Amino acid sequence: MTATTPAATTPAATVAAATATATNPAAGRPTLLSGWRASGRSDLAAHVAHYGPLPPLHGDFPRRLVAAVEAAGLVGKGGAGFPSAIKLQSLPRTRSRPTLVVNAMEGEPASAKDHVLLSLLPHLVLDGAQLAAVAVGARQVVVCVADDRDELAAGVATAVAERQRTSQLPVPTTVARPPGRYVGGEESALVGWLERGRGVPAFRPERGVPLALDRAPALVHNAETMAHVALLAREAAGASSTADPEALAADRTTLVTVSGAVARPGVLEVPLGTPIADIVAMATPQGPPVAVLVGGFGGSWLGAGALGTPLRKDTLGAVGAAPGAGVLVVLGSQACGLAETARIARYMAGESAGQCGPCVFGLPAIADDLDLLVAGRGGAAIELRLTGRLALVAGRGACRHPDGVVRMVASALDAFEDDLRRHAAGRPCGHSRRRTVVPLPPA
Ligand code: SF4
C-alpha cells in the first residue's frame, strides 16, 4: 500500500516546503514565513530584528488596527472564513474585560500551517494576539495547543517566557492544552473546555451569539489570523494617515498545506488568489491531478477542469468551494476519489462530538452508503438513499461538523460522477483502491 504521510505529522516535509517560499517573499515586505531561519525556532531577538518590535499601542491604535484588518479584507484562517474586522468589533459591551483565545488546535489532519507557524515563528502569532488583545481591551490571552502536541506547546511557552519582562507582552498570556480532536478546535468547544473542562460544541442557533469565559466575553481567533494581524498592524503603523487603506489589501499572502499525490508535501506561503493548479505545481505533483480536495475534510472536491480557480473566498465560492483552512489534497490517477471520500467520511463520522442525532447516526450511515458504492454493491437505490441522507443531515447539528461532511460528499458525487456510474454498475473505476493519498491519522 502506498500512502502519503499526513502533512500534519511530517514537520521535516513541511519545513522543506516552507523554506522554498520563505526565501521568495512577495511584494518586498516581510511576509508570514519570511522570518524563517534554517536554524529552527526564531527567538525574540531574531524575530524583532526581522519584523520589528510591536507598533505603538497608544492613542487611536485600536481603531487603526481594526481599519487595517478591514481594509485588507482579512478573514479567519481556521476554516470558517469569517471577516476578522467584524469579529474584533463584535464583542458585547460589558464591565468585565474579555479573554482573547488563540486557536492553534489545528484538528484538521490535512492542515499543518498553524503547526509550522508556531513551531518556527511563534512570536509572529504572539505579536498578533497581543495586538488584538490590546485592541479589544482583553485582560488575558490564552493560546490553545492540542494535548497531543507537547513539543509545540513547549515552544510556545518558551516564547511567552522570553517576552516576559519586556515590552512585547503587554497582556498576560498562558498556554492551555485542550484535547486534540477534529471538533476540539470549534470555537464554542474550545471556550467550553476552558470554562468547564468539557470540549463539545455549544448549540448556537444564532451563530453570532457571543461566547463567555468566567462571565466575561471570549473572542477566538485562529493562529494564522493572528500572524496576519501582526503584519497588518506594523504596515498600518508605518503608513501615513493619508495613505490609501486599500493598498493594504494588495499583494497579501496566505498559508496553504499541500498533501496527497505530490512529491513535496508541506506548507507553502502563496499570494492570495494564486490559481490552485499553480500551487499544486509548486508541490511537484506525481502526474496530472485528477481532482483536489480544497479547504479540508469538510471542504469540496474540485475536478481537473476547475483547478485554474484562484484560491480566494469569492472565486472559490463561485465554484461551490471555500479556502477553509487552506488545505489542498491532490488526487492523482492512481487513487480512487470515491474510495478516498468514503475514508474521509468514515473518519469524520468517528470524530463527531456525540451529542446530536443527525450527526451521530447520519454520518456513519453516509459512510456506509459510500462504502457500498465503492465496493460496487450499491446501485441507483443506494445513490438515492445517500443523497437523501445528505439532505437530512445538513444544517441539523449544533456545529458545522456534519455540514462539512455533507458538502465534501456532495462535491465528490459531482467531481467523480463518471467513477460513480462505473461503481454503481458494479464495474471497477480503473483506479486502485489500495493507493490512498488522503492524510488520515492512523485508526
Ligand atoms: S453536530 Fe456533531 S460534532 Fe457538532 S456538536 Fe453535534 S454531534 Fe458534535
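In what follows, Ala, Val, Leu, Ile, Met, Phe, Trp, Tyr, Cys and Pro count as nonpolar, Asp, Glu, Lys and Arg as charged, and the others, Gly among them, as polar. By that division, the shell around the ligand holds 10 nonpolar residues, five polar ones and no charged ones. The model is a predicted one, and the shell is a convenient place from which to begin reading it.

In total, 15 residues surround the ligand, and the closest of these are Ala353, Cys356, Cys359, Gly397 and Cys399. The elements that contribute two or more residues to this shell are α13, which spans 357-374, and α15, which spans 401-415. With respect to domains, the shell takes at least three residues from domain 1 (7-249) and at least three from domain 2 (337-424).

The protein chain as a whole has 443 residues, of which 51% count as buried, and its secondary structure amounts to 16 helices and 10 strands. When contacts between residues at least 6 apart in sequence are considered, 73% of them join residues that are at least 24 apart.

Several strand pairings can be followed one by one, and strand β5 is a useful starting point. Because six of the seven residues of β5 (residues 216-222) are buried, this strand is largely enclosed by the rest of the structure. Strand β5 pairs with β1 in the parallel sense over five bridges, and within this pairing Leu100 stands opposite Leu219 of β5. Strand β4 (residues 211-213) is joined to β5 by three bridges and runs antiparallel to it, with Ala212 standing opposite Pro217 of β5. The two strands β4 and β5 form a hairpin with two residues between them, and Asp214, in the turn, has a positive phi of about 55°.

Pro217 also offers a reference point for Arg95, which is placed in the loop between α4 (84-89) and β1. These two residues, Arg95 and Pro217, are 122 residues apart in sequence, while their C-alpha atoms are 9.9 Å apart in space. Arg95 counts as exposed because it has 5 C-beta neighbours inside 10 Å, the cut-off for exposure being 12 or fewer.

Strand β2 (residues 140-144) and strand β3 run parallel and are joined by four bridges, and the bridge partner of Val143 in β3 is Val175. In a regular strand the side chains alternate between the two faces of the sheet. Strand β3 (residues 173-176) shows such an alternation: Thr173 and Val175 point to one face and are buried, whereas Thr174 and Ala176 point to the other face and are not buried.

The loop between α7 (150-163) and β3 contains Leu169, which counts as partly exposed because it has 19 C-beta neighbours inside 10 Å, whereas 20 or more would be required for a residue to be buried. When residues up to four places away in sequence are left out of account, Leu169 touches Gln130, Arg163 and Gln164. The C-alpha atom of Leu169 is separated by 8.5 Å from that of Leu126, although the two residues lie 43 residues apart along the chain.

A further group of strands forms an open sheet with mixed pairing, in which five strands follow the order β7-β6-β10-β8-β9. The edge strands of this sheet are β7 (266-271) and β9 (300-303), each of which pairs on one side only, and the twist from one strand to the next averages 30°. At the β7 edge, strand β6 (residues 253-260) pairs with β7 in the antiparallel sense over six bridges, and Thr257 has Val267 in β7 as its bridge partner.

Two loop residues deserve attention for their backbone angles. Glu106, which is not a glycine, nevertheless has a positive phi of about 45°, and this residue is placed in the loop between β1 (99-103) and α5 (113-120). Thr284, also a residue other than glycine, has a positive phi near 60° and is placed in the loop between α10 (276-282) and β8 (291-294). What surroundings do Glu106 and Thr284 have, buried or exposed? Glu106 is buried, since 28 other C-beta atoms lie within 10 Å, whereas Thr284 is exposed, with 12 other C-beta atoms within 10 Å.

Note on methods:
Residues numbered from 1 in each chain as written. Predicted model: local features only at pLDDT ≥ 70, side-chain atom pairs only at ≥ 80, totals over all residues. Contact = placed C-beta atoms within 7 Å. Pairing = 2+ DSSP bridges. Axes fitted to C-alpha atoms, helices over the stretch in contact; angles between N-to-C directions. Near = placed C-beta within 6 Å. Domains from an automatic or database assignment.
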